[in-house]
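This report describes one protein chain, moving from its overall make-up to its core, its pocket and its charged pairs. Please look over the sequence and the structure before reading on.

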Amino acid sequence: MSLQLPPARLEAYSWQEAGHCRGMDSEKFFTDDRDQTQKRRVSRTRDAKELCSGCPVIRECLEHALAVPENYGIWGGTTAAERQRLLLRPAAATGTAA
């Protein structure tokens, strides 16, 4: 069974216009480059999350990242691993498999 996503609609992504990250180098939000030291990855992740923390569309961004799902990068102030845990939480709570 494959996941069927609805067709993209421009208005569904209009929230991105208000993001603090708008116009920034997207590389700032993709912090899991294994060519970097662990210390550098942690620092870049912290910096990206700090930028997200005051963003007016952090909720919309996180909802998008969970719905798509975005498997890489910082979205809605969360890492891919943090989003994976959020997605698994309801299944664990109800005892169903994801």
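What percentage of the 98 residues in the chain do buried residues make up?

## Overall make-up

Buried residues account for 26% of the 98 residues in the chain. The model is a predicted one. Its secondary structure consists of 3 helices and 0 strands, and the pattern along the sequence is α-α-α.

Contacts can also be sorted by how far apart the partners are in sequence. Of the contacts between residues at least 6 apart, 45% join residues at least 24 apart.

## The nonpolar core

The largest nonpolar core has 6 residues in all: Trp15, Cys55, Val57, Cys61, Ala65 and Trp75.

Which residues does Trp75 touch, leaving aside those up to four places away in sequence? The list includes Trp15, Cys61 and Ala65, and these three are also members of the largest nonpolar core. Trp75 touches Gln16, Phe30, Leu62, His64, Glu70 and Arg83 as well.

## The largest pocket

The largest pocket has a volume of about 360 Å³. It is lined by 19 residues, and those closest to its centre are Cys21, Arg22, Phe29, Cys61 and Trp75. Cys61 and Trp75 therefore appear in two places, since they line this pocket and also belong to the largest nonpolar core.

The lining divides into 13 nonpolar residues, 5 polar and 1 charged. Helix α1, residues 38-53, and helix α2, residues 58-67, each supply at least two residues of this lining.

## Salt bridges

Side chains of opposite charge can pair when their charged atoms come close. How many salt bridges does a search of the whole structure find? The search finds 2.

One salt bridge joins Lys49 and Glu82, with N and O 2.7 Å apart. Lys49 is in helix α1 and Glu82 is in helix α3, which covers residues 80-94, so this pair ties together parts that are 33 residues apart in sequence. Lys49 is partly exposed, with a relative accessible area of 24%. Glu82 is partly exposed too, with a value of 23%.

The other salt bridge is between Glu17 and Arg22, whose closest N and O atoms are 3.2 Å apart. Are these two residues buried or exposed? Glu17 counts as exposed because its relative accessibility is 54% and the cut-off for exposed is over 50%. Arg22, at 48%, counts as partly exposed. Arg22 is also one of the residues closest to the centre of the largest pocket.

Terms used
Residues are numbered from 1 along each chain as its sequence is written. This is a predicted model: local features need pLDDT of at least 70, side-chain atom pairs count only at pLDDT 80 or more; totals for chains, interfaces and linings use all residues. Side-chain values use heavy atoms; hydrogens and water are left out. On a 1 Å grid over the protein atoms alone, a cavity is a set of points where a 1.4 Å probe fits but cannot get out, and a pocket is an open set with protein on both sides within 12 Å along at least five of seven lines; lining residues have an atom within 4 Å of a point. Grid points are joined across faces, edges and corners, and a volume is the space filled by probe spheres set on the points. Helices (H or I, at least four residues) and strands (E, at least two) are DSSP runs, numbered from the N terminus. Ala, Val, Leu, Ile, Met, Phe, Trp, Tyr, Cys and Pro count as nonpolar, Asp, Glu, Lys and Arg as charged, and the others, Gly among them, as polar. A salt bridge is a side-chain nitrogen of Lys or Arg within 4 Å of a carboxyl oxygen of Asp or Glu. Buried means under 20% relative accessible area, exposed over 50%, partly exposed in between (1.4 Å probe, protein chains only). A nonpolar core is a set of buried Ala, Val, Leu, Ile, Met, Phe, Trp, Tyr and Cys residues joined through side-chain atoms within 4.5 Å. Contact means heavy atoms within 4.5 Å.
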